[in-house]
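Work through the exercises below with the sequence and the model open beside you. Each task is followed by a solution in steps.

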Amino acid sequence: MIDKQLLKQSAADFGVELNDMAMDRFELMEQRLSRWNEHTNLTAITEPDEVVIKHFVDSLTVLYAAEIPSGARVADVGCGAGFPGLPLLFARPDLELSFIDSVGKKLNFIRETLKYEGLVGEVINERAETLGQSVDFREEFDIVVSRAVAALNELCEYCLPLVKVGGTFVAMKGADDETALGANAIEKLGGELERVVSVELPNGDKRNLVVIKKISQTPTKYPRRAKKITSKPL
């Protein structure tokens, strides 16, 4: 069982109001995450309060850092077990969420969670750099978010090609400031650094959310293959 008051108050501290249905969905997800984790390695974070803070509240900070229009088409790149995408959808069921990951077993958890929570989302088992060169996905999203562990200059090449001109990419990073590292990639890929929002979670962990505006089309040669992105980052 999750501490609902901890979740509700922590979310409110970041300007996110959770109604009763959202709270019930979070509780059900924590229960399902715990059960699935017994046979599938979804997350190393399993203690209920830690799940609330390090997964749920952390995910909701996206809504504090960026203005997301009603009905926006949102992609969660490298979504893993559904973070930040599922918490965003619980708080904002108006959003059109696409969950993108190359690991199928984690996407199965997302599919089942959406079904049991009574929500609709698109689940895509594919690499982001492949989708970035696809006419169906390239520059089609209003918002792209990622909590992936790649360095910012690499993460931008995976994500910015998916953002439509005028849209926003939110890179969820740790305490270190990676803006200098990502500056060249942001410019080359058609982005512009809008702001970096620094937050502190209830347990004291610090996070930086890098908010990047897409101001021009990404050159067609990007994204490159994954091997090039990692061996010769922008």
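Two strands are said to pair if DSSP finds at least two bridges between them. The model used throughout is a predicted one.

**Exercise 1. Follow the bridges from β1 to β6.**
Task: establish which strands pair with β4, β5 and β7, and in which sense they run.

Solution. Step one begins at β1 (residues 73–77), which pairs with β4 in the parallel sense over three bridges; within this pairing, Asp-76 has Val-145 of β4 as its bridge partner.

Step two moves on from β4 (residues 141–146) to β5, to which β4 is joined by five bridges, the two strands running parallel. Here Val-144 has Phe-169 of β5 as its bridge partner.

Step three continues from β5 (residues 163–173), which pairs with β7 (residues 206–214) over six bridges, now in the antiparallel sense. Phe-169 appears again at this step, since its bridge partner in β7 is Ile-212; Phe-169 is thus bridged to Val-144 and to Ile-212.

Step four ends at β6 (residues 191–200), which pairs with β7 in the antiparallel sense over nine bridges.

**Exercise 2. Examine the hairpin of β6 and β7.**
Task: which residue stands opposite Glu-200, and which residue between the strands takes a positive phi?

Solution. Step one takes the pairing itself, where Glu-200 stands opposite Lys-206 in β7. Step two takes the connection, which has five residues between the strands, and in this hairpin Gly-204 takes a positive phi near 95°.

**Exercise 3. Inspect the backbone of three loops.**
Task: find where the cis peptide bonds at Pro-84 and Pro-223 lie, and decide whether Glu-139 is buried or exposed.

Solution. Step one concerns the bond that joins Phe-83 and Pro-84, which is cis with omega about 10°; Pro-84 is found in the loop between β1 and α4 (85–91). Step two concerns the bond from Tyr-222 to Pro-223, also cis, with omega near 0°, and Pro-223 is found in the loop between β7 and α9 (226–231).

Step three turns to Glu-139, in the loop between α6 (128–131) and β4, which has a positive phi of about 55° although it is not a glycine. The cut-off for buried is under 20% relative accessible area, and Glu-139, at 15% relative accessibility, therefore counts as buried. The strand that follows this loop, β4, is mostly covered, with five of its six residues buried.

**Exercise 4. Assess the burial of a helix.**
Task: how many residues of α7 are buried, and which are they?

Solution. Step one is the count: eight of the eight residues of α7 (residues 152–159) are buried, so the helix is largely enclosed by the rest of the structure. Step two is the list, which includes the charged-type residues Glu-154 and Glu-157, together with Leu-152, Asn-153, Leu-155, Cys-156, Tyr-158 and Cys-159.

**Exercise 5. Describe the protein as a whole.**
Task: what do the secondary structure, radius of gyration, contacts and charges come to?

Solution. Step one counts nine helices and seven strands. The radius of gyration is 17 Å, close to the 17 Å that the globule rule gives for 234 residues, so the protein is as compact as a globular protein of that length.

Step two considers burial and contacts: 55% of the 234 residues count as buried, and among contacts between residues at least 6 apart in sequence, 68% join residues at least 24 apart.

Step three considers charge, with 29 positive and 36 negative side chains, the centres of the two sets lying 7 Å apart.

Key
Residues numbered from 1 in each chain as written. Predicted model: local features only at pLDDT ≥ 70, side-chain atom pairs only at ≥ 80, totals over all residues. Heavy atoms only, no water. Helix = DSSP H or I, 4+ residues; strand = E, 2+ residues; numbered from the N terminus. Rg over C-alpha atoms; globule rule 2.2 N^0.38 Å. Buried < 20%, exposed > 50% of the residue type's maximum accessible area, 1.4 Å probe, protein only. Contact = heavy atoms within 4.5 Å. Charge placed at Lys NZ, Arg CZ, Asp CG, Glu CD.
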